[in-house]
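Q: I'm new to this structure and a bit lost. Could you take me on a close look at the protein's interior and a few of the residues around it?

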Amino acid sequence: MLSEQQVVNRRPKEDYPVLPVPRTVRVKFRKVGNLQYISHLDLQRTISRVLVRAGIPTWYTKGFNPHAKITFGLPLSVGAQSLCEYLDVRIERDMGNREIKQRLNDALTDELCVLDVYTAPEQSVFADIVWAKYNIRIRTEGLNETLAEQMQAYLTTSPLMMDKKSKSGIRQVDITTLIRSLRAYMESGELRIDTTLCVSGANYLNPEYLISALRDRFGILPVGEACGEYSILRTNVYLADGETEFK
């Protein structure tokens, strides 16, 4: 966190020259640990306050109710962690990307930490993200290699129909069509699932659906019983080809 001495020594943002045209910087950050339990709305509020506290020369809309021009990438479900969260923020003064990163991290914690700050490439928008890679870890009794193989076969064999919620209601979806790759295996006594799932618009597949499918079919992690735990970590996001990393 930012100390009082750092606040005193930091150059005021008003000392930086005004840009002829505001520019957009892209911030890549992680959200892990206890912060996996805050909602996307809480995250938005937190970042808005951090930008002020860090003295970032954020551009504000004009009019009766000015607000900072901030655009977030993929929302992250409560209970999931991520190493690849993104946001775009428009700035009005010529502050360098390295200093923006340092200022933000001085005002943040290790669990919500900026990994990179750079100028957003032209024509690159968050809607370009189609796939996301996840690491899922499940810890419970009765797991073994044979069961891991059965689980992998179950999650990758079409059709695997599940009720999927959307803004228009609930519909039956074959979730295997939204899974680009999936590998289930045992390591250090845990079941690990490395998978790449669709995260595009109405086809967004929350990794919790995989947990629900395994719970229904194999009886693991029964709801309401303290007989195991699991974690979900998003590690990367990709464009439509499933191979090109989003930048």
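A: Cys-113 is buried, since its relative accessibility is 14% (buried is under 20% relative accessible area, exposed is over 50%, and partly exposed is in between, with a 1.4 Å probe and protein chains only). Before going on, bear in mind that this is a predicted model, where local features need pLDDT of at least 70 and side-chain atom pairs need 80 or more, while totals for chains, interfaces and linings use all residues. Numbering starts from 1 along each chain as its sequence is written, and side-chain values use heavy atoms, with hydrogens and water left out.

So what about disulfides? There are zero of them here (a disulfide needs two cysteine sulfur atoms within 2.5 Å). Cys-84 isn't in one: its nearest cysteine sulfur belongs to Cys-113, 14 Å away. Cys-113 isn't in one either, and for Cys-113 the nearest cysteine sulfur is that of Cys-84, again at 14 Å. Cys-84 counts as buried too, with 3% relative accessibility.

Now for the empty space inside. The structure has three cavities of 30 Å³ or more (on a 1 Å grid over the protein atoms alone, a cavity is a set of points where a 1.4 Å probe fits but cannot get out, and lining residues have an atom within 4 Å of a point). The largest cavity comes to about 70 Å³, a volume being the space filled by probe spheres set on the points. Around this cavity you'll find Val-27, Phe-29, Ile-47, Val-50 and Leu-51, along with Leu-87, Leu-104, Leu-108, Leu-112 and Val-114. By class, the lining has 10 nonpolar residues, with no polar and no charged ones (nonpolar takes in Ala, Val, Leu, Ile, Met, Phe, Trp, Tyr, Cys and Pro; charged takes in Asp, Glu, Lys and Arg; the others, Gly among them, are polar).

Where do these lining residues come from? β1 (18–31), α2 (40–53) and β4 (112–119) each give at least two (helices are DSSP runs of H or I with at least four residues, strands are runs of E with at least two, numbered from the N terminus). The top contributor is α2, with three residues.

Next, have a look at Arg-103, which sits in helix α3 (residues 97–106). Arg-103 is a charged residue, yet it counts as buried because its relative accessible area is 3%. What does its side chain reach? One partner is the backbone oxygen of Arg-11, at 2.5 Å, and another is the backbone oxygen of Ala-54, at 3.0 Å. Setting aside neighbours within four places in sequence, Arg-103 touches Arg-10, Arg-11, Tyr-16, Ala-54, Gly-55, Ile-56 and Met-95 (a contact is heavy atoms within 4.5 Å).

For another arginine, turn to Arg-180 in strand β8. Arg-180 counts as partly exposed because its relative accessibility is 40%. Leaving out residues up to four places away in sequence, Arg-180 is in contact with Trp-131, Thr-196, Asp-241, Gly-242 and Glu-243. With Asp-241 you can be more specific: its backbone oxygen lies 3.1 Å from a polar atom of the Arg-180 side chain. Finally, Arg-180 and Lys-133 are 47 residues apart in sequence, and their C-alpha atoms are 9.5 Å apart in space.

Conventions
A polar contact is a pair of N or O atoms within 3.5 Å; within protein, one must be able to donate a hydrogen and the other to accept it, and residues adjacent in sequence count only if both atoms are side-chain atoms. On a 1 Å grid over the protein atoms alone, a cavity is a set of points where a 1.4 Å probe fits but cannot get out, and a pocket is an open set with protein on both sides within 12 Å along at least five of seven lines; lining residues have an atom within 4 Å of a point.
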